[in-house]
Amino acid sequence: RPVEAWAITTGDPSVTIGLLDTGLMLDHPDLAAQVWRNPAEVPGNGLDDDGNGYVDDVHGYDFVDRTVVLGPGDYRDWDADVYEDGTQDHGTLTAGVSPLLQEALRYACGNGTVVAASGGNVGGDAPHYPSDYLEVIGVVWLANAGLRRASVAQHGPGIAIGAPAAPVLTTRLPNPEDPRPFQTQLYSRVGGSSLAAPQVAAAAALLRSIDRSHSPESIRGIL
């Protein structure tokens with residue numbers, strides 16, 4: 001019910017939503033003006049201006065890149081460039097599992113961060129991470145205009161909430177090998193829990209915009 005929510009608040013610019021994914025098309029016409037910018041970092045000067053250990057982290061950082069090619073995605077050079085490499089656009093369209101990841105999530109939540117994650121699209125109730133971690137709001141995607149769980153959506157104790165995503169109109173990273181005009185590739189309708197989780201993150205951001213004192217636990221409870 002976003003329209004009803006926007007009648008109360010359309011958000012506070014000081015509330016930031018962090019994206020952990022394959023990258024982001026920073027110059028997408030629907031995203032460029034909304035992407036967070038690190039005010040303490042000078043872009044492209046090769047220096048760690050804010051002293052946080054990451055050089056040129058103007059819009060975030062690329063933590064996945066390796067010096068050898070592992071597969072498609074944003075991996076080719078370990079750098080500050082969060083723009084997606086190649087044609088894999090899952091990040092624009094919107095981890096791995098280890099004790100380190102759960103430790104990072106606990107640290108984030110302990111510092112007031114609300115974390116929402118896709119519950120998966122393989123069906124069944126097998127463990128799925130990071131959505132099954134207690135610190136995370138696991139999100140399932142709902143089909144039929146949000147009236148039921150999609151048939152291939154995950155279910156089980158790790159799922160906390162659902163959001164309609166079958167399909168939704170969203171932004172895309174154009175594929176340079178696609179013969180269609182560039183502008184026609186900027187948007188498409190896609191379904192999946194990866195489209196449901198951002199809606200929950202956005203709802204959490206609206207709640208935090210109304211009352212900055214809300215803890216991750218209280219926001220989870222309200223949702």
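Me: What share of the 223 residues in the chain is buried?
Reply: This is a predicted model, in which local features need a pLDDT (the predictor's confidence in each residue, from 0 to 100) of at least 70, side-chain atom pairs count only at pLDDT 80 or more, and totals for chains, interfaces and linings use all residues. Residues are numbered from 1 along each chain as its sequence is written, and side-chain values use heavy atoms, leaving out hydrogens and water. Buried means under 20% relative accessible area, exposed means over 50%, and partly exposed is in between (1.4 Å probe, protein chains only). Of the 223 residues in the chain, the buried share is 36%.

Me: How much of the area that the chain exposes is supplied by carbon and sulfur atoms?
Reply: Accessible areas come from the Shrake-Rupley method with a 1.4 Å probe, and for residues only the protein chains shown count as cover. The chain exposes about 13,100 Å², and the part supplied by carbon and sulfur atoms is 57%.

Me: In what order do the elements of the chain run from the N terminus?
Reply: Helices (H or I, at least four residues) and strands (E, at least two) are DSSP runs, numbered from the N terminus. The chain has four helices and six strands. Their order from the N terminus is α-α-β-β-β-β-β-β-α-α.

Me: Over which residues is the pLDDT below 50?
Reply: The average pLDDT of the chain is 83, and 84% of the residues score at least 70. One stretch below 50 still has 29 contacts (heavy atoms within 4.5 Å) in the model beyond near neighbours in sequence, and it covers residues 66–78. Another stretch below 50 has 27 such contacts, and it covers residues 91–97.

Me: Which element gives the largest share of the largest nonpolar core?
Reply: A nonpolar core is a set of buried Ala, Val, Leu, Ile, Met, Phe, Trp, Tyr and Cys residues joined through side-chain atoms within 4.5 Å. The largest one has 17 residues, of which Val139, Trp141, Ala165, Ala196 and Val200 touch the most other members. Two or more residues each come from E2, strand E4 (159–164) and H3. The largest share, six residues, comes from E2.

Me: Which residues does Val139 touch, not counting those up to four places away in sequence?
Reply: In soluble globular proteins, nonpolar side chains tend to be buried together. Val139 is one of the core members that touch the most others. Not counting residues up to four places away in sequence, Val139 touches Ala116, Ala117, Ser118, Gly119, Ile159, Ile161, Ala163, Ser193, Ala196, Ala197 and Val200.

Me: What distance does helix H3 reach from its first C-alpha to its last?
Reply: Helix H3 covers residues 193–210, which makes 18 residues. Its buried residues include Leu195, Ala196, Val200 and Leu207. The expected span of a helix is 1.5 Å times one less than its number of residues. For H3 that gives 26 Å, and the reach in the model is close to it, at 26 Å.

Me: Which residue that is not a glycine has a positive phi of about 60°?
Reply: Most residues other than glycine have a negative phi, and most peptide bonds are trans. The exception here lies in the loop between helix H1 (2–6) and helix H2 (99–110). At 16% relative accessibility it counts as buried. The residue with the positive phi is Asp56.

Me: Which peptide bond is cis, with omega near 10°?
Reply: The place of Pro130 is in the loop between strand E1 (115–118) and strand E2 (136–143). The cis bond leads into this proline, running from Tyr129 to Pro130.

Me: What separates the C-alpha atoms of Pro167 and Gly192?
Reply: Pro167 lies in the loop between E4 and strand E5 (168–171). It touches Arg189, Val190 and Gly191, not counting residues up to four places away in sequence. Pro167 and Gly192 are 25 residues apart along the chain, while their C-alpha atoms are separated by 7.4 Å.

Me: How far apart are the closest N and O atoms of Glu135 and Arg106?
Reply: A salt bridge is a side-chain nitrogen of Lys or Arg within 4 Å of a carboxyl oxygen of Asp or Glu, and the structure holds four. Glu135 forms one with Arg106, where the closest N and O atoms are 3.0 Å apart. Glu135 lies in the loop between E1 and E2 and Arg106 in helix H2, so the pair ties together parts that are 29 residues apart in sequence. The N to O distance asked for is 3.0 Å.
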